Amino acid sequence: MIEEGTIVMVTGPVVTADSMTGSRMYELVKVGHEQLIGEIIELEGDIATIQVYEETTGIKPGEPVVGTGMSLSVELGPGLLGTIYDGIQRPLPLLHDECGFFIRRGIQVPSLDRQRSWEFTPVAGAGDAVGPGDELGRVAETKTISHRILVPPGMEGTVVEIAPAGRYTIEDVIARVKGGRDIEPVCMMHRWPVRKSRPFREKLEPKVPLITGQRVIDTFFSMAKGGTAAVPGPFGSGKTVVQQQLAKWVDADIIVYVGCGERGNEMADVLREFPGLEDPRTGEPLMKRTVLIANTSNMPVAAREASVYTGITIAEYYRDMGYDVALMADSTSRWAEALREISGRLEEMPGEEGYPAYLASRLADFYERAGKVLTLGREGRSGSVSVIGAVSPPGGDFSEPVTQNTLRIAKVFWALDADLANRRHFPAINWLESYSLYGGEVSEWWHERMGGDWDALRKRMMGILQKESELEEIVQLVGPDVLPDADKLVLLEAEIIRESFLFQNAFHAVDTFCSPVRQYRMMHILHRFDELAHHALTAGAGFEKINDLPVRSSIARMARIPDDTYEGVYGEIEEEMRVQFSRISPPGTGGRDGMVVDE
């Protein structure tokens with residue numbers, strides 16, 4: 001504990017205090033008579049610059065500043081799942097009970113419930129040699145998530161005592177570990193500094209795709225478990241809807257959703273919707289495997305800056321148990337704006353567009369905490385943290401600093417397009433501007449589980465879409481009627497791909513999620529149409545006959561066929577295509593195997 005300092009200057013959320021001898025960087029302090037929570041971000045002699053995580057209106061020079069001796073940390077233990085926190089891990093439902101609709105300044109509430117008891121089942125026994133990451137016991141946090149109580153990092157020795165099976169609170173001692181001469185107690189809860197990444201044994205190469213159920217993502221721009229993705233897009237392009245779709249359907253055990261600086265009405269929609277959603281994997285409420293961190297645009301900017309670190313630390317904690325965690329940060333642009341505001345009040349030299357010169361390194365520090373890892377502990381567990389960050393470039397300008405620095409780090413780029421959104425095409429991911437650098441790593445998984453032609457089908461579809469883009473300039477100049485039939489067919493096939501495959505209705509009971517097997521079957525139907533159409537055209541059937549085929553309406557509806565009947569219906573569509581193409585093809589011709597490609 002340091003000596004009491006004194007406020008000498010207040011500049012928005014930044015407070016300067018003197019007589020702070022003995023304090024250290026990133027130490028938590030209590031500011032003013034109301035004991036607002038703050039963090040030391042700069043030290044010069046005995047003068048400390050503090051960013052305050054609460055509104056500083058009314059704070060004046062002469063009021064005291066008291067150090068706590070701790071860094072900004074989060075409480076980690078049973079009870080995290082299903083909870084809604086603010087940016088510095090204060091539970092919002094508890095704050096509502098204490099304060100009503102407006103959070104009172106200086107209020108301090110525990111992040112985890114100290115009164116609730118949990119059924120603990122020991123795994124280790126007295127006399128066992130343990131080290132960081134070794135499992136001591138388990139708690140059934142939910143019906144589907146078994147919370148592993150691990151030896152905290154930095155502790156090792158011999159278990160001299162472990163609690164018998166029974167109910168305990170998170171502050172009860174469930175084990176004692178002797179290391180050297182000291183015997184250290186272990187509880188079900190421990191604290192961890194948010195700005196420090198949690199240790200692991202080894203980082204693994206990501207080779208398994210993170211299945212999202214969104215066709216444009218899984219098929220064209222797949223992301224690996226433990227990977228990083230950026231979702232930039234202008235206002236109204238559907239970033240929040242994409243993030244919420246991913247949070248609901250993504251193939252991860254735990255979801256951490258960070259609403260960082262978003263508008264209050266959007267965050268309110270999330271808070272209202274999530275508790276009522278059903279987890280499609282288990283049938284349980286989705287909140288039972290979700291942690292929500294809500295920091296709206298009208299909350300203090302310093303807490304916004306801390307919120308992403310709070311989220312990634314919680315994600316790493318569950319990763320260490322061997323779970324796959326998906327973190328959604330919406331949006332990192334608001335986080336960067338908080339950095340810019342604090343940097344300006346510190347009178348630091350500004351970089352491009354006023355952002356601090358260390359913007360790139362801060363973004364890298366955040367995204368590089370993602371990854372698939374071999375965790376600490378003798379069990380040989382592997383876990384992953386996948387980070388999906390939304391970016392809100394002003395005016396949709398992807399050349400601005402936050403977007404550009406994010407793209408240098410993230411390996412997947414889902415570019416949201418306002419023009420697609422205006423045409424009511426969702427997800428509004430532009431298939432010509434987006435990319436994924438995980439294609440080579442995850443293709444083996446797709447080939448083993450779907451089929452060896454998965455990559456060929458995908459490339460053929462993308463080739464048709466790229467060819468359409470080239471033809472659009474000609475169509476705008478002279479119209480589509482002057483094009484040769486082969487080019488008209490390309491435009492028709494691209495339209496079918498866009499409307500029946502890339503477009504996906506997030507609010508349709510069936511179309512909201514598409515399994516990998518179903519995506520593969522849909523690709524086969526589209527490929528079969530492409531194959532038969534090219535052969536019919538080559539054999540002399542005119543483009544108008546192909547364009548008028550009734551099977552087109554069946555293909556347009558295939559995404560909305562119920563899951564329990566789609567396999568039989570897809571077979572009927574393929575047979576329908578064969579019959580109808582045989583009717584328009586000249587006698588003596590038929591389909592042929594193999595993929596048709598443009599010369």
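Colleague: Which residues form one aromatic cluster?
Modeller: This is a predicted model. Rings of Phe, Tyr and Trp pair if their centres lie within 6.5 Å. One cluster of such aromatic residues consists of Tyr-309, Trp-335, Phe-366 and Tyr-367.

Colleague: How many aromatic pairs does the count come to?
Modeller: The cut-off between ring centres is again 6.5 Å. By this rule, the number of aromatic pairs is 14.

Colleague: Are the rings of Phe-120 and Tyr-168 stacked or edge-to-face?
Modeller: Their centres are 6.1 Å apart, and their planes meet at 80°. Planes over 60 degrees apart fall in one class, those under 30 in another. The angle of 80° therefore makes the pair edge-to-face.

Colleague: How many residues apart in sequence are the parts that this pair ties together?
Modeller: Phe-120 belongs to strand β9 (residues 118-122). Tyr-168 belongs to strand β14 (residues 166-168), so the separation in sequence is 48 residues.

Colleague: Is Tyr-168 buried or exposed?
Modeller: Buried means under 20% relative accessible area. Its partner Phe-120, at 0%, counts as buried. Tyr-168 has a relative accessible area of 16%, so Tyr-168 is also buried.

Colleague: Why is the chain as compact as a globular protein of that length?
Modeller: The chain has 16 helices and 26 strands. For 599 residues the globule rule gives 25 Å, and the chain is as compact as a globular protein of that length because its radius of gyration is close to that, at 28 Å.

Colleague: What percentage of the residues in the chain is buried?
Modeller: The cut-off for buried is under 20% relative accessible area. Of the 599 residues, the buried share is 56%.

Terms used: Residues numbered from 1 in each chain as written. Predicted model: local features only at pLDDT ≥ 70, side-chain atom pairs only at ≥ 80, totals over all residues. Heavy atoms only, no water. Helix = DSSP H or I, 4+ residues; strand = E, 2+ residues; numbered from the N terminus. Rg over C-alpha atoms; globule rule 2.2 N^0.38 Å. Buried < 20%, exposed > 50% of the residue type's maximum accessible area, 1.4 Å probe, protein only. Phe/Tyr/Trp six-rings, centres within 6.5 Å; stacked < 30°, edge-to-face > 60°.
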